[in-house]
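Please consider the structure shown below with its sequence at hand. The explanation that follows is meant to be read alongside it.

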Amino acid sequence: MKESETHYPAQAGWERGRPTGAGGKKQSGQVRVVHIITRLILGGAQENTLLTVEGLQAKREYEVWLISGPALGPEGSLISRARANKVNLIIIPEMRRNIYPLKDAVAFFKLYRLIRKINPQIVHTHSSKAGFLGRLAAYLARVKVIVHTIHGLPFHPYQSKFINFIYILTERIAASVTHRIISVADAMTHQAVKAGVGKPAQYETIYSGLELNKFKNLSSPQRLRQELGIRENQKVIGTIARLFPLKGYDYLLKIAPAVIKLIPEVRFLFVGDGILKDKIISESRKSGIAEHIILAGLVNPERIPEMINIMDVLVHPSLREGLPRAVPQALALGKPVVAFDLDGTREVLRRGETGWLVTPTDFEQMTKDIVAILTGDKVTVQKMGERGRDLVYQKFDAGLMVEKINAVYQKLLAF
């Protein structure tokens, strides 16, 4: 079946227009939960959502459903993983990231109809489009508990005031029918409340979980270095993100010549794909640094730990994030990280303690920090990496995230 088709999972039975649970048998006493997200591409919000669904699905007290739009675009898809793990997945072709009035109306109608059929006690939405349409549909369908997770806010200083006004208005409307808003970072809560989106009492921070077992017992990095053409004496500056605007790739290209001048045997490893790929290739050629740039392309999430493992430092120059997933992923391996001091990044990357925070667009300081990490005191770098790893293992375990979300559900259901 094509991803662009609406489909109902084979493992779930549908009788008289109402689902009967996995395997066709209704489990008495189970709480039905519907998660809704705009698209299941390879991304932090999507991985967070799928890990949550899988974690709740493993609990006998829940029957979990996941509704998503199609995973269109160059960013890859998590749909195959959802199917492989027997997630009750429904694709709504009309649900898209961009605004399409007609498609949005159809998507809203389908969401409402599906929610009425599934009849869940909880609807939990993710991302802006699905968050708005899904919460309103759940409210009209009289769902008892409506929860939303903010992975990143749709309004930000890099777009027009009018667009921000529209996004803030829709977020305010959706928040008015939401029982609990989960933020992946305290910074998201502060920014949302400051914009008048909901009330402080509605919010709770739950950090986005990682499958930390996959960051242990990794094989030697030599094989992957050889695969990517990286010699033993070459240092690797890595970054992991979609090749899209505001992800900061242009900043890396700007500082690259200065870093290369000081450390000639260095390679910049870009992990991810997107619409800026050709521009990155063109810019690197114009600057005469093409031989120092390695584009790994789209990488299966299962391979992210081994990609990070070959890096000497991870740089995250994005200008807009909730809490960038790549930062705790790198810290989970004790790797030094340099990132812009914004949004939720500072909640895990603490300058002088677990990493290097840089004022946004301060190219000179970012260059200095990268060079210092690669050429300076290795003991200091190692100790900071160890503190970062300890922090991640304390706060970013996927199991811990699921348990905290479960606690939110149970508390809301008790009212």
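The following paragraphs treat a sheet, a helix that lies across it, the nonpolar cores, and some loop residues.

The model is a predicted one. A suitable starting point is an open sheet of six strands, whose order is S12-S11-S10-S13-S14-S15 and whose pairing is parallel. At its edges stand strand S12 (293-297) and strand S15 (356-358), each of which pairs on one side only. On average, and with direction ignored, neighbouring strands of this sheet are turned by 20 degrees against each other.

Strand S10 deserves attention next. Strand S10 covers residues 235-240 and pairs in the parallel sense with strand S13 (residues 313-316) over two bridges. Within this pairing, Gly-238 has Leu-314 of S13 as its bridge partner. S10 also pairs with S11, again in the parallel sense, over six bridges. Here Lys-235 stands opposite Val-266 in S11. How much of S10 is covered? The strand is mostly covered, since five of its six residues are buried; a residue counts as buried when its relative accessible area is under 20%.

S10 and S11 also belong to a β-α-β unit. Together with helix H8, they make a right-handed unit of this kind. Helix H8 comprises residues 249-262 and lies across S10, strand S11 (266-271), S12, S13 and strand S14 (337-340). The direction of H8 is at about 170 degrees to that of S11.

The nonpolar cores come next. The largest one has 46 residues, and the members that touch the most others are Ile-240, Leu-269, Val-271, Val-348 and Val-392. Several elements each supply at least two residues of this core, among them S10, S11, S14, helix H5 (161-175) and helix H13 (378-395). Which helix gives the largest share of the core? That share, five residues, comes from H11. A second, separate core has 34 residues, including Ala-256, Val-315, Trp-356 and Ile-370.

Val-392 may serve as an example of a core member with many partners. If its neighbours within four places in sequence are left aside, Val-392 is in contact with Leu-210, Leu-212, Pro-328, Leu-331, Ala-332, Val-348 and Asp-397.

Helix H6 (186-194) is another of the contributors to the largest core. Its buried residues include Ala-187, Met-188, Thr-189 and Ala-192. The buried residues of H6 pack against strand S7 (145-150), strand S8 (180-183) and S9. After H6 comes Gly-196, which has a positive phi near 80 degrees.

Two further residues have a positive phi, although neither is a glycine. Asn-217, with a phi of about 55 degrees, is placed in the loop between strand S9 (203-205) and helix H7 (222-227). Is Asn-217 buried or exposed? Asn-217 counts as exposed because its relative accessibility is 81%, and the cut-off for that class is over 50%. Thr-361, with a phi of about 70 degrees, lies in the loop between S15 and helix H12 (363-375). Because its relative accessible area is 37%, Thr-361 is partly exposed.

Definitions and conventions: Residues numbered from 1 in each chain as written. Predicted model: local features only at pLDDT ≥ 70, side-chain atom pairs only at ≥ 80, totals over all residues. Heavy atoms only, no water. Pairing = 2+ DSSP bridges. Helix = DSSP H or I, 4+ residues; strand = E, 2+ residues; numbered from the N terminus. Axes fitted to C-alpha atoms, helices over the stretch in contact; angles between N-to-C directions. Contact = heavy atoms within 4.5 Å. Core = buried A, V, L, I, M, F, W, Y, C linked by side-chain atoms within 4.5 Å. Buried < 20%, exposed > 50% of the residue type's maximum accessible area, 1.4 Å probe, protein only. Right-handed = clockwise from strand over helix to strand, strands pointing away.
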